[in-house]
Amino acid sequence: MAQLELTCIRCPMGCTLRVTLEIGAVTAVEGNRCRRGAEYAATEAVHPVRTVTTSVRAVGGTRPVVSVKTVPEVPKDRIFDVMAAIRGLTATAPVHIGDVLLRDAAGTGASIVVTAELEKR
Amino acid sequence: MTTHDIVIVGAGPAGLAAAIGAREAGAQDILLLERDGEPGGILNQCIHNGFGLHTFNEELTGPEYARRYIDRVNELGIPIQTGTTVLDISPDRVLTCTSRENGFEQIRAGAVILCMGCRERPRGAMDIPGSRPAGIYSAGTAQRLMNIDGFMPGKEVFIMGSGNIGLIMARRLTLEGAVVKGVCNRSAYSSGLKRNVVQCLDDFGIPLMVRHTVTEIHGRDRLEGVTVSEVGEDKKPIPGTEQYISCDTLLFSVGLLPENELSEQAGVELDAVTGGPTVDDRLATSVPGVFACGNVLHVHDLVDFVSEEAARAGAAAARFVRGETVSSGRRVSLRGRNGVRYSVPQSVDPDTMPEELTVRFRVADQYLGCYLSCYVDGVRVSHKKKRIMTPGEMEAFVLRREMLGNDAREVVFCVEEA
Ligand SMILES: Cc1cc2nc3c(=O)[nH]c(=O)nc-3n(C[C@H](O)[C@H](O)[C@H](O)COP(=O)(O)OP(=O)(O)OC[C@H]3O[C@@H](n4cnc5c(N)ncnc54)[C@H](O)[C@@H]3O)c2cc1C
Ligand code: SF4
């Protein structure tokens with residue numbers, strides 16, 4: 001049995017949720033003022049994921065960098081591994097929204113996808 | 001001098017959606033003027049996700065959200081003249097602009113839609129003692145440096161003000177390898193969205209120092225550190241609580257101000273609280289044929305609401321140039337009182353307003369378990385309990401035409417304890 005504290009982000013109340021986990025599943029949530037808090041805890045306590053957004057170096061474009069994101073989200077505790085994998089990337093202009101620069105970043109299964117248009121200089 | 005039916009100043013999300021709204025309402029001759037080299041406005045530098053949840057039911061980054069509207073504007077064949085700064089708008093709707101390509105030019109508009117957005121409050125207004133070394137930026141400037149120019153502002157960072165841009169930058173800098181020493185905030189709660197506090201600070205163990213402010217800046221050429229003090233109930237620093245935090249970079253995120261120099265030149269009346277034009281239910285300002293929407297009107301947290309508001313302004317401008325604006329001349333004023341700081345729009349025409357109109361406003365403080373009430377000429381017509389209301393999140397109220405009856409004069413929104 002493990003105990004965990006989370007802040008619910010579903011509304012501005014920001015309830016402090018005390019979550020009890022047993023064998024990787026949520027068995028009790030306290031401190032939530034409504035049902036949505038329990039729903040939030042059910043995934044956030046077991047398998048928190050985040051979309052990482054950042055930029056990569058770009059050559060030959062109208063700007064020196066172009067923005068990217070992970071698709072799908074990556075486990076929260078892998079964010080810095082994914083960042084390290086992204087840091088080695090360079091995009092060559094032109095690139096377009098949806099272009100994939102890297103697959104399976106840091107073994108997470110997520111792709112690094114371009115989120116802005118970058119024209120050739 | 002050239003002439004266009006509708007001229008839109010600014011091609012951020014507001015300008016783009018206004019152009020689409022105007023075209024869909026039948027306007028043909030529309031021109032967008034944008035000072036930047038590219039359309040998209042502030043969204044181009046907001047590379048984080050969280051845009052468009054209401055409109056597209058998915059979480060887009062800023063540039064992706066902007067692109068959907070840019071593509072639509074292009075499909076509709078509406079011209080966007082970039083690199084063009086509007087310098088002046090006269091009350092009879094002549095715009096003076098300058099661009100590298102055309103030099104000075106004047107454009108006469110059948111209707112003007114103001115979509116200039118907002119800018120950050122300058123630090124100068126904050127009166128912090130100490131030197132003025134390098135390494136001090138507004139959060140938005142730092143965001144632009146990193147995300148557009150690819151320049152890292154510093155290695156050890158302190159952030160003053162926990163508005164959304166400050167929170168987003170705390171995470172952005174951390175991901176890029178900087179150490180964010182903390183984020184301080186004068187009031188007892190962050191002015192940013194809860195989601196940003198959790199995902200930008202808590203995720204990375206960055207401390208949020210509520211009831212604290214920067215009281216001194218240290219360093220000669222480059223910033224070396226800041227003194228941070230606790231603030232008391234009176235919002236003043238408490239002597240003896242000073243702590244020194246070493247850092248080479250200080251970001252401040254202390255709020256946004258609608259950008260309305262042009263509006264003033266056009267003679268548009270401004271609301272003292274929002275800093276933006278006063279408008280009616282059609283988003284028409286006090287000057288006939290001049291409309292306003294987006295952050296120039298009041299600071300929005302969610303771009304979805306900007307797009308929706310702008311589409312209505314575009315449609316209203318289209319009707320205006322066709323001479324279809326019928327007004328009974330009757331006017332009901334909308335105000336905030338007791339905790340509700342303002343109302344947008346500031347008035348409605350009870351005869352021509354839509355059946356249901358979403359009125360938006362902000363509250364002055366954090367209120368738990370209070371009621372949001374609406375009075376029409378002193379009679380309470382709505383009284384709703386709210387678990388929480390907070391200045392960081394815009395409130396909305398759906399005003400129904402039937403609430404106004406036949407001879408209403410004034411609608412007041414307020415916070416009540418019971
Ligand atoms: C840093 C930051 C983070 C944000 N994060 C989120 C988020 O996570 N989710 C969300 O939904 N919303 C977010 N927002 C809010 C959202 O981005 C804004 O509400 C929206 O961009 C406002 O659109 P706008 O068109 O009114 O203004 P802007 O985007 O500011 O566009 C105004 C445009 O007008 C142009 N302009 C100004 N003056 C002139 C002139 N004189 N002549 C010609 N052109 C001119 C400017 O160059 C600019 O392109 C964020 C905002 C900021 C600032
Ligand atoms: S538990 Fe309910 S009330 Fe509490 S923060 Fe979450 S959504 Fe809001």
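Contact means that heavy atoms lie within 4.5 Å. Keep that in mind as we work through this predicted model, where local features need pLDDT of at least 70, side-chain atom pairs count only at pLDDT 80 or more, and totals for chains, interfaces and linings use all residues. Residues are numbered from 1 along each chain as its sequence is written, chains are lettered from A and ligands numbered from 1 in the order in which they are written, and side-chain values use heavy atoms, with hydrogens and water left out.

**Exercise 1. Describe the contact between chain A and chain B.**

Step 1: Start with the residues. Chain A gives 30 residues to the contact, and chain B gives 30 residues.

Step 2: Turn to area. The size of an interface is often given as the accessible area lost when the parts come together. Here the buried area (accessible area, 1.4 Å probe, that two parts lose on being put together, summed over both) is about 2600 Å², and carbon and sulfur atoms give 60% of it. On the chain A side, A:Ile9, A:Pro12 and A:Thr53 supply 22% of the area that this chain buries against chain B, more than any other three residues.

Step 3: Look for charges. A salt bridge is a side-chain nitrogen of Lys or Arg within 4 Å of a carboxyl oxygen of Asp or Glu. The rule finds four across the interface; one of them joins B:Asp203 to A:Lys76, at 3.6 Å from N to O.

**Exercise 2. Find what surrounds ligand 1.**

Step 1: List the neighbours. A residue is near if one of its heavy atoms lies within 4 Å of the ligand. There are 31 residues around ligand 1, and B:Ala14, B:Glu34, B:Ile42, B:Asn295 and B:Val303 come nearest.

Step 2: Sort them by class. The shell has 16 nonpolar, twelve polar and three charged residues. Ala, Val, Leu, Ile, Met, Phe, Trp, Tyr, Cys and Pro count as nonpolar, Asp, Glu, Lys and Arg as charged, and the others, Gly among them, as polar.

Step 3: Check the polar contacts (pairs of N or O atoms within 3.5 Å). Oxygen atoms of ligand 1 lie 2.8 Å from a backbone N or O atom of B:Val303, 2.9 Å from a polar backbone atom of B:Ile42, and 2.9 Å from a side-chain N or O atom of B:His48.

Step 4: Ask how covered the ligand is. Taken alone, ligand 1 exposes 1000 Å², and the protein buries 93% of that (Shrake-Rupley method, 1.4 Å probe).

Notes: Polar contact = N/O pair within 3.5 Å; in protein donor to acceptor, adjacent residues only side chain to side chain.
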